[in-house]
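These are my notes from going through one chain, entry by entry. I wrote down what I looked up and what I found.

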Amino acid sequence: MNQAIYHLEKSIELEFLNDDSYKYLGLCYSELGFYETGIEYFLKADNDQKDGMLFLVIGQTYQKLGDNVNSELYLKRAIEINNDFRVEIKSRFLLGKLFFENGDFQKAEEQYNLILANDSKSADAYYYLGEIYYELGNTVKARAEWRKTLELDPSHYGALLRLY
């Protein structure tokens with residue numbers, strides 16, 4: 001990563017700039033744990049592009065920094081663009097996690113249900129719905145969701161721990 005950063009920065013300094021130079025610099029810095037610097041380069045790469053994957057990565061990086069406001073903003077932008085099903089699903093999982101950790105179980109539940117509306121075989125979405133219902137004190141509903149998880153993925157570690 002350090003070599004990649006060196007060469008990317010040198011190429012930018014020499015004005016050999018590619019469309020994704022800043023994006024790769026952001027990825028390199030983020031991979032090394034320098035999230036603030038990674039965000040700086042991601043935002044330089046943004047330039048009003050319609051790149052859902054870039055917005056997903058920015059949202060994910062803000063989440064690692066504990067900046068939930070910006071994380072939510074960029075994850076929602078990634079979903080709005082909706083040019084890649086996988087980006088939307090990953091963004092919704094991260095939003096669900098963010099809302100769950102902040103105790104906003106209704107918004108978290110909404111995200112997991114939207115995932116299931118697009119992918120009814122998402123064992124993880126059922127699992128996290130079970131976690132929400134468990135936190136809300138509805139163990140019957142939670143156990144039902146964990147059983148659905150195991151129907152789809154019999155080796156799902158979290159659901160196995162919860163049920164057995």
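**Entry: Thr149.** I began with Thr149, which I found in helix H9, residues 139-152. The model I am reading is a predicted one, and in it Thr149 has a relative accessibility of 0% and therefore counts as buried. I then looked up what surrounds Thr149, leaving aside its neighbours within four places in sequence, and the list came out as Ala123, Tyr126, Tyr127, His156 and Ala159.

**Entry: the chain as a whole.** I stepped back to the overall layout and counted ten helices and zero strands, so that the pattern read along the sequence is α-α-α-α-α-α-α-α-α-α. Along the principal axes, the C-alpha atoms fill a box of roughly 65 × 30 × 25 Å. Of the 164 residues in the chain, 42% are buried. Looking at contacts with a separation of 6 or more, I noted that 38% of them are between residues 24 or more positions apart.

**Entry: H4 against H5.** At what angle do H4 and H5 pack? For helix H4 (residues 52-65) and helix H5 (residues 68-81) I have an angle of about 160°, and their axes are 7 Å apart. An angle over 145 degrees counts as roughly antiparallel, and H4 and H5 are therefore roughly antiparallel to each other. The crossing in which H4 passes H5 is left-handed. On the H4 side I listed Gly52, Phe55, Leu56, Ile58, Gly59, Gln60, Tyr62 and Gln63, and these meet Asn70, Ser71, Tyr74, Leu75, Arg77, Ala78 and Ile81 of H5. Sorted by class, the residues of this contact are eight nonpolar, six polar and one charged.

**Entry: H5 against H6.** I followed H5 on to helix H6 (residues 85-101), where the packing angle is about 155° and the axes are 9 Å apart. That angle makes H5 roughly antiparallel to H6. Here, too, I noted the handedness, and H5 passes H6 in a left-handed crossing. From H5 the contact takes in Asn68, Ser71, Glu72, Leu75, Lys76, Ala78 and Ile79, while H6 brings Val87, Glu88, Ser91, Arg92, Leu94, Leu95, Leu98 and Phe99. In this contact of H5 with H6 I have eight nonpolar, three polar and four charged residues. Reading the lists for H5 side by side, I saw that Ser71, Leu75 and Ala78 appear in the contact with H4 and again in the contact with H6.

**Entry: salt bridges.** How many salt bridges does a search of the whole structure find? The search gave nine, and I looked up three of them in detail.

The side chains of Lys10 and Glu13 form one of these, at 3.6 Å from N to O. Both residues sit in helix H1 (residues 2-13), three residues apart, which is about one turn of the helix. Lys10 is partly exposed because its relative accessibility is 33%, whereas Glu13, at 56%, counts as exposed.

Another joins Asp51 to Lys23, with the closest N and O atoms 2.7 Å apart. This pair links distant parts of the chain, since Asp51 lies in the loop between helix H3 (35-46) and H4, and Lys23 lies in helix H2 (residues 21-31), 28 residues apart. With a relative accessible area of 16%, Asp51 is buried, while Lys23 is partly exposed at 23%.

The last I looked up is between Arg162 and Glu131, whose closest N and O atoms are 2.9 Å apart. Again distant parts of the chain are linked, with Arg162 in helix H10 (residues 157-163), Glu131 in helix H8 (residues 123-135), and their positions 31 residues apart in the numbering. Arg162 has a relative accessible area of 29% and is partly exposed, but Glu131 is buried, at 10%.

**Entry: Glu15.** What is the phi of Glu15? The value is positive, about 65°, although Glu15 is not a glycine. I marked this for attention because most residues other than glycine have a negative phi. Glu15 is found in the loop between H1 and H2, and at a relative accessible area of 71% Glu15 is exposed.

Conventions
Residues numbered from 1 in each chain as written. Predicted model: local features only at pLDDT ≥ 70, side-chain atom pairs only at ≥ 80, totals over all residues. Heavy atoms only, no water. Axes fitted to C-alpha atoms, helices over the stretch in contact; angles between N-to-C directions. Helix = DSSP H or I, 4+ residues; strand = E, 2+ residues; numbered from the N terminus. Parallel < 35°, antiparallel > 145°, perpendicular 65-115°, else oblique. Left-handed = near helix turned anticlockwise from the far one by under 90°. Contact = heavy atoms within 4.5 Å. Nonpolar A, V, L, I, M, F, W, Y, C, P; charged D, E, K, R; others polar. Salt bridge = Lys/Arg side-chain N within 4 Å of Asp/Glu carboxyl O. Buried < 20%, exposed > 50% of the residue type's maximum accessible area, 1.4 Å probe, protein only.
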